[in-house]
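Colleague: I have a model open and would like to learn how to read it piece by piece. Could you walk me through it?

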Amino acid sequence: MIVCLTGENVFGWQAELHRLVIAFAAEYGDMALERLDGGTASFDRIRESLQSLPFLAARKLVVLRDASANKQFAEQAEALLTDLPETTDVVLVEPKLDKRLAYYKLLKKATDLREFAMPDEQGMVRWLVDAAKARGGSLARTDAQFLAERIGMTQQLLATELDKLLLYDPTITRTTIELLTEPAPQSTIFELIEAAFGGDSNRALALYRDQREQKVDPAQIIAMLTWQLRVLALIKTAARRSPDAIAKEAKLSPYVVRKSLPVAARIGLERLKQLITDLLSIDSRSKREHIDLDEALQQYLLTLAG
């Protein structure tokens, strides 16, 4: 068995690596497992590990991370991987592979190449539902959607929150999600902006106060407002590009772009430019002079709602 794990979804390939290692160790024992880092191990050490026979075990598993960082290994990988002892299994972990290189083409041909892409919004919701079921619990799709929107689209964080919710009650509901989780600041900032652009100034100000009660600094709120306004500007200037194309070009999550589309549709480009200028002015003034930043930001939100 030669498996290669790659892709930008770190949580995905880490979970798969953990599964492979646990399954192997359960059958052959920890003594049959070797871990090497291509960035620090010498070529001779890597070669010896791959070619040597297992000690006191029927098989051995070599986990080799970032093997491509070792130039000599990358050049001789084909010979090494095609001449492995029958008793040796290998898991190559290559988080970032250049698909233009011969090394990638070799791995695609000579290994079980498993690529882990970042899930989109619906993919994350499906994963939450399936993960809850696999852990002996249940989570309705609508509640999974609510959890993803509340926490954000970071899979590792969602996995941690999912475990906490299942420990409290195997049947996860919106009530338990609201009881046991805190909204991610960025998610709440989006709700704040959505409320402001929707003309709901009372809700926008309530959300702002909620952020401050959570000890979120005004400067941090400015940073998150800036980030969200940048997303809106990218959408407004993207002509007829699809949400996925915008996300790829700007290195954003497609979920973030799609969620921002309704807000972008309600605002003109000139007004958006003015709002960016006004926020920049507040930020600059706060660094040059003593101002009540809380009051300035709340006035800014009222301007948004107007």
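Colleague: Let me begin with one residue. Where is the place of Ala110?

Modeller: Happy to help, and keep in mind that this is a predicted model. Ala110 sits in helix α4. Its relative accessibility is 28%, and partly exposed covers values between 20% and 50%, so Ala110 counts as partly exposed.

Colleague: How far apart are the C-alpha atoms of Ala110 and Ala233?

Modeller: They are separated by 45 Å, with their positions 123 residues apart along the chain. For another pair, take Val256 and Glu121: these are 135 residues apart along the chain, while their C-alpha atoms are separated by 8.7 Å. It helps to read both numbers for each pair.

Colleague: Now the next position. Where is Thr111 found, and is Thr111 buried or exposed?

Modeller: Thr111 is in the loop between α4 (102-110) and β5 (112-115). Buried means under 20% relative accessible area, and Thr111 has 10%, so it is buried.

Colleague: What does Thr111 touch?

Modeller: Leaving out residues up to four places away in sequence, Thr111 touches Ile2, Cys4, Leu81, Leu92 and Leu106. Its side chain also reaches the backbone oxygen of Leu107, at 2.5 Å.

Colleague: Which residues does Ala77 touch?

Modeller: Ala77 touches Tyr103 and Leu106, again not counting residues up to four places away in sequence. Leu106 is thus a contact of Ala77 and also of Thr111. Ala77 belongs to helix α3, and at 0% relative accessibility it counts as buried. Its C-alpha atom is separated from that of Met124 by 35 Å, and the two are 47 residues apart along the chain.

Colleague: And an exposed case? What is the relative accessibility of Arg100?

Modeller: Arg100 has 70%, and exposed means over 50%, so Arg100 counts as exposed. Its place is in the loop between β4 (88-93) and α4. The side chain of Arg100 makes a polar contact with the side chain of Asp98, at 2.9 Å.

Colleague: I also like to check backbone angles. Which value does phi of Asp66 take?

Modeller: When scanning phi, look for positive values in residues other than glycine. Phi of Asp66 is near 50°, which is such a value. Asp66 is found in the loop between β3 (60-65) and α3 (71-82), and it is partly exposed, with a relative accessible area of 25%. Ala239 is not a glycine either, and has a positive phi of about 55°. Ala239 lies in the loop between α11 and α12 and counts as exposed at 72% relative accessibility.

Colleague: Let's turn to helices. Why does the span of α11 agree with what one should find?

Modeller: The idea is to take 1.5 Å a residue, multiplied by one less than the number of residues. For the 19 residues of α11 this should give 27 Å, and the end C-alpha atoms are 27 Å apart, so the two agree. The 12 residues of α13 should span 16 Å, and its end C-alpha atoms are 17 Å apart, which agrees.

Colleague: What caps the N-terminal end of α11?

Modeller: Asp217 does: one of its side-chain oxygens lies 2.8 Å from the backbone nitrogen of Ala219.

Colleague: How should I read the buried residues of a helix?

Modeller: An α-helix has 3.6 residues a turn, so residues three or four places apart point the same way. In α11, the buried residues include Ile221, Leu225, Gln228, Leu232 and Ile235. In α13 they are Tyr255, Val256, Val257, Ser260, Val263 and Ala264.

Colleague: Which residues lie nearest the centre of the largest pocket?

Modeller: They are Met118, Leu252, Ser253, Pro254 and Val256, among 27 lining residues. The elements giving two or more residues to this lining are α6 (141-151), α9 (185-197), α11 (218-236), α12 (243-250) and α13 (254-265). α13 gives the most, with five residues. The pocket's volume is about 770 Å³, and its lining divides into 15 nonpolar, seven polar and five charged residues.

Colleague: Is Val256 buried or exposed?

Modeller: Val256 counts as buried, at 16% relative accessibility. It lies in helix α13 and touches Trp227 and Val231, not counting residues up to four places away in sequence.

Terms used. Residues are numbered from 1 along each chain as its sequence is written. This is a predicted model: local features need pLDDT of at least 70, side-chain atom pairs count only at pLDDT 80 or more; totals for chains, interfaces and linings use all residues. Side-chain values use heavy atoms; hydrogens and water are left out. On a 1 Å grid over the protein atoms alone, a cavity is a set of points where a 1.4 Å probe fits but cannot get out, and a pocket is an open set with protein on both sides within 12 Å along at least five of seven lines; lining residues have an atom within 4 Å of a point. Grid points are joined across faces, edges and corners, and a volume is the space filled by probe spheres set on the points. Helices (H or I, at least four residues) and strands (E, at least two) are DSSP runs, numbered from the N terminus. Ala, Val, Leu, Ile, Met, Phe, Trp, Tyr, Cys and Pro count as nonpolar, Asp, Glu, Lys and Arg as charged, and the others, Gly among them, as polar. Buried means under 20% relative accessible area, exposed over 50%, partly exposed in between (1.4 Å probe, protein chains only). A polar contact is a pair of N or O atoms within 3.5 Å; within protein, one must be able to donate a hydrogen and the other to accept it, and residues adjacent in sequence count only if both atoms are side-chain atoms. Contact means heavy atoms within 4.5 Å.
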